[in-house]
Amino acid sequence: MPSEHAATVAHAMYTLVWFRQNLRIRDNAALCAAVAEGSPIIGIWIDDAETDNPRRAAFYRQSAAELAQGLAGRGIPFYTAASPAELVRLAVRLNIRTVIADTSCTFAEKLADNALWHELDKHGIALTFVNDRSVFGKTDLIPDGGTAYADFDRYREVWLDCFSKPPPADSDLFAAYRQPFPENLPAPQPAAFSDGIFLPQNGGETAAWRQWRRFLEQADSYSVLKDFSSRKNTSLMGAYLSAGCISPRLLARESLERRLNAWADNLIRRDFFLQLALQHADDAPADSNPENTRYLALWQQGQTGIPIIDASMRCLYKTGGLHPVLRRLCADFLCHTLRVPRHEGEIWFARQLTDFDAAINQGNWRLAASRHTYPDIAAAAHKTDPDGTFVRRHIPELAHLPAAVIHTPWRAAGSIDTHGYPAHPVAGIP
């Protein structure tokens, strides 16, 4: 009878799945853990409107909106909160017994999680974490000494050895899960979409798998063409992995089964940075001298006078994405040529990248700052963009220049017109 069902729901204890960077249904460890709890499931996502990366926020909102629809089809309401405090209030109001979330990775996230745990504990609500962001959790591959691997080659060796054993994916208790939609709970507000912000890629689990299948059609040439910025031969999976629209465990299995070892290395390095993140407390920003401030501004605006750097920074600002080779080149240039503290670059990338992930951004910038050798800019530019296509695409002032000149226009400054583009590099480049 409907009245009996309503009475049952009214007294039910619920499990709340807090979605963070795991906005998907397939191979979602948090949802599987919720099924194992045995109580009806409710979903929640915190949409922090006060963000300084609106493109990333829009991507996450798109992804959350699709997730809400998928969960509703299984009888699971999906709420949106504006803050952890609102999550606590809703958990108390909805008679939640346990909150399950994907585990965090950075020191700052852990501090925030501890504060939330204390608030929930006051109300007798448990908070548990599962690994949904990486193939292996942070403690899965810890050596006997008890500290995370700091050497990537050794970490990769251990990672591949563990992955060759029983597969870490597809124990999906949620695959066939359905529940009656609770009738007595407050109606969730529809999840926001994208606020009218243009996104080169749509968010969501459906789009993630579509992009992965598209990449697989050309994946055989990945190892040969991956370093050419104008060829667009990368997988473009970064934003989907950051938001958790697709499982890294499933991608690891598919890529290694297809022997796409060069691409799988990206997933392994991603795991490497995630497990290293907790070893470093967030650094206080270094004091910038006036020269650093000027160099930083020129780097951000794409006005350093180095075409491959400026094209990269303009691309980043315009699209929210940047080829991995160019990210490394821009980071090396800021840290070692301009000698600006890496923290400044880390902050700027955090504000621009649609695929921003705090732990991975931190790891990449630490790596850039610690490198003792870095490429010659002109040689690297000719290697990654040999005919100048990428530079012409993003610096129209130089579109008329031939390939022999476009990467080093200062060497022909007396015989070409750069249409207002800096005639000479900001730093001493030969």
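Trainee: In which helix is Ala115 found?
Mentor: The model considered here is predicted. In it, Ala115 belongs to a helix that spans residues 107-122. That element is helix H5.

Trainee: Is Ala115 buried, partly exposed or exposed?
Mentor: The relative accessible area decides the class, and burial requires a value under 20% while exposure requires one over 50%. Ala115 has a relative accessibility of 44%, so Ala115 counts as partly exposed.

Trainee: What distance separates the C-alpha atoms of Ala115 and Ala148?
Mentor: Along the chain, Ala115 and Ala148 are 33 residues apart. In space, their C-alpha atoms are separated by 25 Å.

Trainee: How many salt bridges does a search of the whole structure find?
Mentor: One of them joins the side chains of Arg20 and Asp102, at 3.6 Å from N to O. Another joins Asp102 and Arg133, at 2.7 Å from N to O. For the whole structure, the search gives 19 salt bridges.

Trainee: How many residues apart in sequence are the parts that the pair of Arg20 and Asp102 ties together?
Mentor: The side chains of Arg20 and Asp102 meet in a salt bridge. Arg20 lies in the loop between strand S1 and helix H2, and Asp102 lies in strand S4, so the pair ties together parts of the chain whose separation in sequence is 82 residues.

Trainee: What is the relative accessibility of Asp102, and what is that of Arg20?
Mentor: Both fall under the 20% limit for burial. Arg20 is buried, with a relative accessible area of 12%. Asp102 also counts as buried, and its relative accessibility is 0%.

Trainee: Where does Arg133, the salt-bridge partner of Asp102, lie?
Mentor: Asp102 and Arg133 meet in a salt bridge. The pair links distant parts of the chain, 31 residues apart, with Asp102 in strand S4. Arg133 lies in the loop between strand S5 (126-130) and helix H6 (152-163).

Trainee: Which residue forms a salt bridge with Arg371?
Mentor: The closest N and O atoms of this pair are 3.0 Å apart. Arg371 lies in the loop between helix H16 (358-370) and helix H17 (377-384), and its partner lies in helix H14, 39 residues apart from it. Arg371 is partly exposed at 22%, whereas the partner counts as buried at 6%. That partner is Asp332.

Trainee: Which element gives the largest share of the lining of the largest cavity?
Mentor: The search finds one cavity of 30 Å³ or more, and about 30 Å³ of space lies in it. Its lining consists of Leu329, Asp332, Phe333, Thr337, Tyr374, Pro375 and Ile377. These divide into five nonpolar, one polar and one charged. The largest share, four residues, comes from H14.

Trainee: Which residues of H17 are in contact with Ile308?
Mentor: Ile308 is found in helix H13 (residues 307-319), and at 1% relative accessibility Ile308 counts as buried. Beyond its neighbours within four places in sequence, its contacts include Leu326, Leu329, Phe390 and His407. Among the buried residues of H17, those in contact with Ile308 include Ile377, Ala381 and Thr384.

Trainee: Within what arc do the buried residues of H17 fall?
Mentor: In H17, Ile377, Ala378, Ala380, Ala381 and Thr384 are buried. Seen down the axis of H17, they line one face of the helix, because they fall within an arc of 165 degrees.

Trainee: How many of the residues of helix H15 are buried?
Mentor: Helix H15 spans residues 342-352 and is mostly covered. Its buried residues include Arg342, Glu344, Trp348 and Phe349. The elements that cover them include H3, H12, H13, H14 and H16. Of the eleven residues of H15, the number buried is nine.

Trainee: Which residues that line the second largest pocket are the closest to its centre?
Mentor: This pocket has a volume of about 1,200 Å³, and 38 residues line it. S1, S2, H3, H5, H15 and H16 each give two or more residues to the lining. By class, the lining divides into 15 nonpolar, eight polar and 15 charged. The closest to the centre are Gln21, Asp48, Arg56, Glu109 and Phe356.

Terms used. Residues are numbered from 1 along each chain as its sequence is written. This is a predicted model: local features need pLDDT of at least 70, side-chain atom pairs count only at pLDDT 80 or more; totals for chains, interfaces and linings use all residues. Side-chain values use heavy atoms; hydrogens and water are left out. A salt bridge is a side-chain nitrogen of Lys or Arg within 4 Å of a carboxyl oxygen of Asp or Glu. Buried means under 20% relative accessible area, exposed over 50%, partly exposed in between (1.4 Å probe, protein chains only). On a 1 Å grid over the protein atoms alone, a cavity is a set of points where a 1.4 Å probe fits but cannot get out, and a pocket is an open set with protein on both sides within 12 Å along at least five of seven lines; lining residues have an atom within 4 Å of a point. Grid points are joined across faces, edges and corners, and a volume is the space filled by probe spheres set on the points. Ala, Val, Leu, Ile, Met, Phe, Trp, Tyr, Cys and Pro count as nonpolar, Asp, Glu, Lys and Arg as charged, and the others, Gly among them, as polar. Contact means heavy atoms within 4.5 Å. The arc is that of the directions from the helix axis to the C-beta atoms.
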